Amino acid sequence: MAAPSQEYLKTKVMTASPEMLTLMLWDGAIRFAEQGKDAVLKKDIEGSYKALVRSQRIIMELNSSLKHSVNPDLCSKLASLYNFIHRRLVDANLKKDPHLIDDALEIMRHQRETWAMLIDQLTKERAAEAQGTMTANVGAVASAASTVHKSPSPTPRHAYPPFAVRPVAAPASLSVQG
């Protein structure tokens, strides 16, 4: 049985938007690079190796997820940036140099903040769009309600409106008990 924190993370990942998934990847890459730096400073060779490799893998995943067919120029620039980060992490892992990790971390943090700002902007745009749709729908419903044909005589409370499906009386042979 999985731990509750792992179930929470699994649910968070499975329900996240693509933008949020990217932000989560940046968070993970930064976290593992920081763990790798701490391990380098403590002379924990195995710990630094494992943490930095995890960060490298996330960067390569981000690189492989670029859609060059959508915006080739932007993707080319991002791929170059991701390759630079990856090279810094690999070199830091080989040389056990915390300064190389700092170089990678600086760019990763900047990228993470860029994604956070993008998500903020998308959230605002989607909220405004939803508000516009809701306003249009309310207007359409109000307009439709004002144009409904009103019968000259009031409908009795027990009568069904003409568009409602009237229930069919159950045959006397049926009972609740079967």
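Buried residues account for 23% of the 178 residues in this protein, which is seen here as a predicted model. As for the overall build, the count comes to five helices and zero strands. Going along the sequence, that gives the pattern α-α-α-α-α.

Two of the helices can be checked against a simple ruler. Helix α3 covers residues 45-64, and its 20 residues should span 28 Å at 1.5 Å a residue; the C-alpha atoms at its ends are 28 Å apart, so the expected and modelled spans agree. Helix α4 passes the check too: with 24 residues at 1.5 Å each step, a span of 34 Å is expected, and the end C-alpha atoms do sit 34 Å apart.

Both helices also contribute to the buried part of the protein. In α3, the buried residues are Ser-48, Ala-51, Leu-52, Val-53, Ser-55, Gln-56, Ile-58, Ile-59, Leu-62 and Asn-63. In α4, the list reads Cys-75, Leu-78, Ala-79, Tyr-82, Ile-85, Leu-89, Ala-92 and Asn-93. Just past the end of α4 comes a small backbone detail: Lys-96 has a positive phi, at about 55 degrees.

Helix α5 is home to Ile-101. This residue has a relative accessibility of 0%, and because buried means under 20%, Ile-101 falls in the buried class. Ile-101 also pairs up in space with a residue from another part of the sequence: Ala-33 is 68 residues away along the chain, yet the two C-alpha atoms are 6.8 Å apart.

Then there is the matter of open space. The largest pocket holds about 510 Å³. Its lining is made up of 17 residues, and those closest to the pocket centre are Thr-22, Ser-65, Leu-66, Leu-78 and Trp-115. Three elements each supply two or more lining residues, namely α2 (18-41), α4 (72-95) and α5 (98-146). Sorted by class, the lining breaks down into 10 nonpolar, five polar and two charged residues. Leu-78 turns up twice in this account, once among the buried residues of α4 and once among the residues closest to the centre of the largest pocket.

Rings round off the picture. The structure contains one aromatic pair. A charged side chain also meets a ring: Arg-31 is placed over the face of Phe-32, with a distance of 5.0 Å to the ring centre.

Terms used. Residues numbered from 1 in each chain as written. Predicted model: local features only at pLDDT ≥ 70, side-chain atom pairs only at ≥ 80, totals over all residues. Heavy atoms only, no water. Helix = DSSP H or I, 4+ residues; strand = E, 2+ residues; numbered from the N terminus. Expected span 1.5 Å × (residues − 1). Buried < 20%, exposed > 50% of the residue type's maximum accessible area, 1.4 Å probe, protein only. 1 Å grid on protein atoms, 1.4 Å probe; cavity = no way out; pocket = protein on both sides within 12 Å on 5 of 7 lines; lining within 4 Å. Points joined across faces, edges and corners; volume = space filled by probe spheres on them. Nonpolar A, V, L, I, M, F, W, Y, C, P; charged D, E, K, R; others polar. Phe/Tyr/Trp six-rings, centres within 6.5 Å; stacked < 30°, edge-to-face > 60°. Lys NZ or Arg CZ within 6 Å of the ring centre and 35° of its normal.
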